[in-house]
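The following exercises are to be solved with the sequence and the coordinates at hand. Each task is followed by a worked solution.

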Amino acid sequence: MTSTKVQQAVLFLLIFYFILADVILSPFYPQFFSKVFGVEDLEFTALYIFIARLTVVISVPIWGILSKRFEVKHLIYTGQWISAMMLLCMAISQHEIQFMIFTVLLLIGKSSLFFIYPLLIQLNGERKRTRVVGMYHMVFHAAVITGTLTGAWIIALEQPLYLFIGLAAIELLLWFTAFVTLRYLNTHTISPPKVKQGFTRKHGFILAGIGLILLLFHTANNMIRPYFTLYTMNEFQLSSFEGSLLFMMPSAMAIFAFPFIQKGWCKHRAPLIFTVTLAILAFTLIVQGLTDQLIWLWASRIVYGFCLIISQAALELTIFNRSTNHVQVYAAASTFQNAGLLIAPLAASSTAAAFTLASPLTGAGFLCVTAIIVALFTFNMSTKTEKNKAA
């Protein structure tokens with residue numbers, strides 16, 4: 001029988017690959033579509049990302065419903081086979097619309113992998129929750145770093161589409177590894193206990209508030225991505241490699257933030273830490289959009305990255321600490337998160353077209369300010385509700 005440590009290592013490996021495959025071309029989509037399909041319109045990048053995120057928004061809740069009837073690992077296996085087939089189809093795409101269709105089908109399959117993270121949370125229990133959250137974010141951002149640097153190399157190839165053949169082969173290898181190691185792992189979701197008291201207006205306000213925080217947070221921190229490398233190359237005359245280094249700098253900060261996530265707070269401090277780090281995010285995003293000095297851009301990216309990782313981990317701990325069935329709760333939270341990812345490329349495209357390539361950064365900063373206001377009201381109401389329960 002495979003040990004628990006090996007099983008969890010395989011689950012983290014699946015997360016690493018999932019993120020790597022997702023981000024490998026994301027900083028370079030405008031350049032990719034121009035080189036491979038001759039598409040020069042920047043708005044096509046926004047449309048492509050919008051369609052991709054819409055697919056995930058629709059798919060994740062469907063996989064969540066299926067997780068009530070089937071084991072999560074079986075859903076993951078199904079998603080891996082769908083992904084492998086679509087990656088091969090993407091490699092032979094003849095035009096950008098065909099490529100987009102195959103991307104949609106790919107993301108339907110890949111959406112099943114969203115449940116690996118809450119599954120890890122559920123399998124480890126409350127005592128190890130902070131360690132798992134910290135490890136997840138370190139793996140996540142290590143994948144972003146690897147993917148970004150690999151993407152800078154891929155975009156320079158004569159035939160970048162060949163990348164997807166390699167990704168399909170890796171997908172099948174990982175399916176076989178997962179199938180062998182997870183055979184004896186019970187991945188049935190745990191039903192939450194019945195709650196006797198009714199659903200009050202205050203509870204509805206808190207749930208709506210957390211949903212709005214998730215929406216604002218992920219919109220802000222993803223609307224800066226589509227045109228960031230283009231912004232650095234145009235405004236600061238950086239090469240694509242230098243731009244990719246700046247792009248992945250926040251992910252590099254995950255390594256330094258990991259010990260803080262592990263030991264820096266107890267669960268009751270997570271809402272406070274989220275609010276404070278979110279304020280720093282707002283400031284550094286505005287600096288990135290307004291500065292014309294490269295040194296300030298680098299400095300703000302470093303501080304932004306450190307606080308981004310801390311704030312996201314704190315937000316997730318706040319949600320997980322208030323839930324019992326983590327897979328189902330994460331499916332609901334992912335709806336708001338993916339709605340933010342859906343809005344982000346449209347917000348980036350419209351602000352960049354109306355103003356400059358720097359405007360998504362400043363716009364994201366002001367969205368973070370709005371999220372702070374919502375968080376203060378929501379967490380204050382949540383604290384009052386918990387005190388009333390104790391009384």
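**Exercise 1.** In which helix is Leu167 found? Determine also whether Leu167 is buried or exposed, and identify its contacts beyond the neighbours within four places in sequence.

*Solution.* The model is a predicted one.
Step 1. Leu167 belongs to helix α8, which covers residues 163-181.
Step 2. The relative accessibility of Leu167 is 5%. Buried means under 20%, so Leu167 counts as buried.
Step 3. With neighbours within four places in sequence left aside, Leu167 is in contact with Tyr17 and Leu87.
Step 4. Leu20 lies 147 residues from Leu167 along the chain, and the C-alpha atoms of the two are separated by 9.9 Å.

**Exercise 2.** Locate Gln237, and establish its exposure and the sign of its phi angle.

*Solution.*
Step 1. Gln237 is placed in the loop that runs between α10 (228-235) and α11 (240-252).
Step 2. Its relative accessible area is 61%. The cut-off for exposed is over 50%, and therefore Gln237 is classed as exposed.
Step 3. The phi angle of Gln237 is near 55°, which is a positive value in a residue other than glycine.

**Exercise 3.** Classify Cys89 and Cys368 by exposure, and state how many disulfides are counted.

*Solution.*
Step 1. Cys89 has a relative accessible area of 21%. Partly exposed lies between the cut-offs of 20% and 50%, so Cys89 is partly exposed.
Step 2. Cys368, at 1% relative accessibility, counts as buried.
Step 3. A disulfide requires a pair of cysteine sulfur atoms within 2.5 Å; by this rule the count is zero disulfides.

Methods: Residues are numbered from 1 along each chain as its sequence is written. This is a predicted model: local features need pLDDT of at least 70, side-chain atom pairs count only at pLDDT 80 or more; totals for chains, interfaces and linings use all residues. Side-chain values use heavy atoms; hydrogens and water are left out. Buried means under 20% relative accessible area, exposed over 50%, partly exposed in between (1.4 Å probe, protein chains only). Helices (H or I, at least four residues) and strands (E, at least two) are DSSP runs, numbered from the N terminus. Contact means heavy atoms within 4.5 Å.
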